[in-house]
Amino acid sequence: MNGEFSVGRRHLLSTVATGTAAGLAGCGGIFSPPSTDTEGSQDIEIPALTAFRGSGALIEGRPAPGGTSIEELPDLSGSLNLYIGGGEGGIYFRFVEMLQEIYPEFSVFASSASSSSLAQTIVEEVDAGSPQADVFWSIDASSLGFVADNDAYESLPSSVTSIVPESFRGSDNAWVGVAGRARSIPYNTDQLSASDIPDRVRQFPSTAALQGTMGWAPTYGAFKSFVTAMRLIRGEQATREWLVSMRESGTQRFPNEFVISQQVADGALAAGFANHYYAMRVKNSRPDAPIDLAFTKGDAGALVNVAGALRIQGTEKDQLVTDFIRHLLSAEAQEFFTTVSFAYPMIPEVAPVGGLPTIDELDPPDIDLSELSDLEPTLELMRDADVLG
């Protein structure tokens, strides 16, 4: 499989495929090599919290995270085959490296590709009776849902899944979310106030201040998931009409949502559609940038999607898989995902960054995230609305 490599404890990234290495550059060297005794038994030492925490203006002065510490979890020992989705994969690999440094007898062999293609691969391998991986770590719930819908998973114990809100885990404990991302409206505070931002996405663009001043990234995966949610909630006709109205109002196209957030901070756009963490990354490095976030209520514009983990059917390492996923929900892991990638934590004992509303203060739509895997009707609809280009 493309992108396959061994994540060795002291040489992570040394054999990363071309194209992935650039995204992971600078990720090594978090720890010095752990000590072991002369017989090679594990000598576990948990690093200080600062090793798991990012840096920048939004991180300073954070309270210590709550939840279960790695110190309280079973040691990891043995080898694990991991399929890990692209996108945030570079950040996730950093945490995998940290676990291998903590546990000298634990090693991960990982294959990286898009989450959707890995989901298809898992189903094909399980159907053929030859699964090649133990764990699927996807950047989106739709890919996890695809694997679950095709019965290519083994349920996780409730002791793992129950610590995450029910809306962020699969039915039958098929998968569990480990990091969240909320749809949001980044806006320039020199040009707009919070009252200028509608609280329903269908009301865009409702004011003159938003006509021709907004940006979107229609080819971006997160945007397609948002449109899929709108299609499932409001139907195809209403979604198509909204897309056309936004296009005809002069909404500008961009290749991704980080660029949109930067353009908003620079004043080139008044507002845009983006996952929340892009504005947080801008604000973390540019604390004086005139950018803030608004959130719609109860509709597709308020969608909260998750990266999550699933145990693949046919693995013979049930306990190691369970312990590994439990580590992804530890206090240290949740602090890492929250302060390095600016994701929403999945456990209530860890606070989001930068004064964001907590995840239970958001008002996402009542939708099964697994249903976001039904993407083809969305792409056809977007083509009909002439927004894909």
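Where does Ser341 lie? Ser341 sits in the loop between H11 and H12, where helices (H or I, at least four residues) and strands (E, at least two) are DSSP runs numbered from the N terminus. Before we go on, a word about the model: it is predicted, so local features need pLDDT of at least 70, side-chain atom pairs count only at pLDDT 80 or more, and totals for chains, interfaces and linings use all residues. Residues are numbered from 1 along each chain as its sequence is written, and side-chain values use heavy atoms, with hydrogens and water left out.

Back to that loop. Ser341 is buried, with a relative accessible area of 4%; buried means under 20% relative accessible area, exposed over 50%, and partly exposed in between, using a 1.4 Å probe and protein chains only. Now look for Ala179: its C-alpha atom and that of Ser341 are separated by 9.3 Å, although the two residues are 162 apart along the chain. Phe342 is in the loop between H11 and H12 too, and at 5% relative accessibility Phe342 counts as buried. Phe342 also has a positive phi of about 65°, although it is not a glycine. What makes that worth a look? Most residues other than glycine have a negative phi, and most peptide bonds are trans.

You can find another positive phi at Asp151, with a value near 55°. Asp151 lies in the loop between H4 and strand E5 (153-154), and at 51% relative accessibility it counts as exposed. For an unusual peptide bond, go to the one from Phe204 to Pro205, which is cis, with omega near -20°. Pro205 has its place in the loop between strand E6 (175-188) and strand E7 (214-216).

Let's zoom out for a moment. The protein chain has 12 helices and 12 strands, and 54% of its 389 residues count as buried. Take the contacts (heavy atoms within 4.5 Å) between residues at least 6 apart in sequence: 79% of them join residues at least 24 apart. Gly145, in helix H4 (residues 141-149), gives you an example of distant parts meeting. The C-alpha atoms of Gly145 and Leu369 are separated by 7.6 Å, with their places 224 residues apart along the chain. Gly145 touches Trp175 and Ser370, not counting residues up to four places away in sequence, and Gly145 is buried, with a relative accessible area of 0%.

Next, a pair of helices. Two packed helices are described by the angle between their axes and the distance between the axes. Helix H6 (residues 221-234) and helix H7 (residues 236-248) pack at an angle of about 135°, with their axes 7 Å apart. Here axes are lines fitted to C-alpha atoms, for helices over the stretch in contact, and angles run from 0 to 180 degrees between N-to-C directions. H6 and H7 are therefore oblique to each other: angles under 35 degrees count as roughly parallel, over 145 as roughly antiparallel, 65 to 115 as roughly perpendicular and the rest as oblique. On the H6 side you'll see Phe223, Phe226, Val227, Met230, Arg231 and Arg234, and they meet Glu236, Ala238, Thr239, Trp242 and Leu243 in H7. These contact residues divide into 7 nonpolar, 1 polar and 3 charged, where Ala, Val, Leu, Ile, Met, Phe, Trp, Tyr, Cys and Pro count as nonpolar, Asp, Glu, Lys and Arg as charged, and the others, Gly among them, as polar.

What about charges? Side chains of opposite charge can pair when their charged atoms come close. A search of the whole structure finds 9 salt bridges, each a side-chain nitrogen of Lys or Arg within 4 Å of a carboxyl oxygen of Asp or Glu. One of them joins Arg240 to Asp384, the closest N and O atoms being 3.9 Å apart. This pair links distant parts of the chain, with Arg240 in helix H7 and Asp384 in helix H12 (residues 376-384), 144 residues apart. Arg286 forms a salt bridge with Asp266, where the closest N and O atoms are 2.9 Å apart.

Finally, visit Glu332 in helix H11 (residues 331-340). Glu332 is buried yet has no salt bridge, and the nearest side chain of opposite charge, Arg326, is 8.2 Å away; Lys and Arg count as positive and Asp and Glu as negative, while His and the chain ends are not counted. Not counting residues up to four places away in sequence, Glu332 touches Ile46, Phe52, Thr68, Ser69 and Ile70.
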